[in-house]
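Grab a pencil and work through these exercises on one protein chain. Each has a task and then a solution that goes step by step.

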Amino acid sequence: MYGRACCDHDDSHPLPHQTYAALVGGPLDGLLLDITGWRPEEVDDGAALMTQLGRWPGGRALCDPRADASRPLGGPGVVCRFYYSGDTP
């Protein structure tokens with residue numbers, strides 16, 4: 001799944017009606033990914049996020065949920081974490 005981090009990678013303040021995944025590790029550590037409207041299977045697939053900060057500028061940072069991490073069901077705010085797993089051109 002391709003995605004976009006909250007507010008163009010420069011703000012980590014969530015909007016009250018949105019649903020987010022917190023990005024952990026790698027070049028996008030600490031940012032939020034807006035996953036509002038994503039189906040559960042899309043969240044389970046993780047995201048390949050465009051960034052100029054990775055190994056390949058203009059490439060993608062790969063971020064995935066951990067199978068053993070609990071995740072609240074829906075609702076606004078941060079509902080899960082996506083962990084950095086590498087870069088791709």
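**Exercise 1. Find where Thr 88 sits, and which residues surround it.**

Start with the element: Thr 88 belongs to strand S6, residues 77-88. Strands here are DSSP runs of E with at least two residues, helices are runs of H or I with at least four, and both are numbered from the N terminus. Before going on, a word on the source: this is a predicted model, where local features need pLDDT of at least 70, side-chain atom pairs count only at pLDDT 80 or more, and totals for chains, interfaces and linings use all residues. Residues are numbered from 1 along each chain as its sequence is written, and side-chain values use heavy atoms, with hydrogens and water left out.

Next, check the exposure. Thr 88 has a relative accessible area of 27%, so it is partly exposed. The cut-offs are under 20% for buried, over 50% for exposed and in between for partly exposed, with a 1.4 Å probe and protein chains only.

Now look for neighbours. Skipping those within four places in sequence, Thr 88 is in contact (heavy atoms within 4.5 Å) with Trp 56, Gly 59, Arg 60 and Leu 62. Pro 57 is 31 residues away in sequence, yet its C-alpha is 9.8 Å from that of Thr 88.

**Exercise 2. Work out how the strands pair up, and in which directions they run.**

First, list what there is to pair: the chain has 1 helix and 6 strands, in the order β-β-β-α-β-β-β along the sequence. Two strands pair if DSSP finds at least two bridges between them.

Then take the pairs in turn:

- S4 (residues 47-51) and S5 (residues 59-64) run antiparallel, joined by 5 bridges.
- S5 and S6 are also antiparallel, with 5 bridges.
- S2 (residues 19-24) and S6 run parallel, with 6 bridges.

Finally, pick out some residues. Arg 60 in S5 stands opposite Met 50, and the bridge partner of Arg 60 in S6 is Thr 88. Over on the parallel pair, Ala 21 faces Cys 80 in S6.

**Exercise 3. Decide whether strand S4 is buried or exposed, then look at Thr 51.**

Count through the strand: 4 of the 5 residues of S4 are buried, so the rest of the structure largely encloses it. Thr 51 is in this strand, and at 4% relative accessibility Thr 51 counts as buried.

What does Thr 51 touch, leaving out residues up to four places away in sequence? The list is Pro 27, Leu 28, Trp 56, Pro 57, Gly 58, Gly 59 and Ala 61. The side chain of Thr 51 also reaches the backbone nitrogen of Leu 53, at 2.9 Å.

**Exercise 4. Trace the side-chain partners of Asp 34 and Glu 42.**

Begin with Asp 34, in strand S3 (residues 32-34). Asp 34 is buried at 13% relative accessibility. Its side chain makes a polar contact of 2.8 Å with the side chain of Gln 18, and another of 2.7 Å with that of Thr 36. A polar contact is a pair of N or O atoms within 3.5 Å; within protein, one must be able to donate a hydrogen and the other to accept it, and residues adjacent in sequence count only if both atoms are side-chain atoms.

Move on to Glu 42 in helix H1 (residues 40-45). Glu 42 is buried too, at 15%. A polar atom of the Glu 42 side chain lies 2.8 Å from the backbone nitrogen of Arg 39.

**Exercise 5. Say how many disulfides there are, and check Cys 63 and Cys 80 for burial.**

The search of the whole structure turns up 0 disulfides, meaning pairs of cysteine sulfur atoms within 2.5 Å. Cys 63 is buried, with a relative accessible area of 2%. Cys 80 is buried as well, at 7%.

**Exercise 6. Judge which parts of the model carry high or low confidence.**

Take the chain as a whole: its mean pLDDT is 80, and 74% of the residues reach 70 or more. That score is the predictor's confidence in each residue, from 0 to 100.

Now compare the elements. S5 has the highest mean pLDDT, 94, and S1 (residues 2-3) the lowest, 50. Over residues 4-11, pLDDT stays under 50. Where pLDDT is low, the predicted coordinates should not be read in detail.
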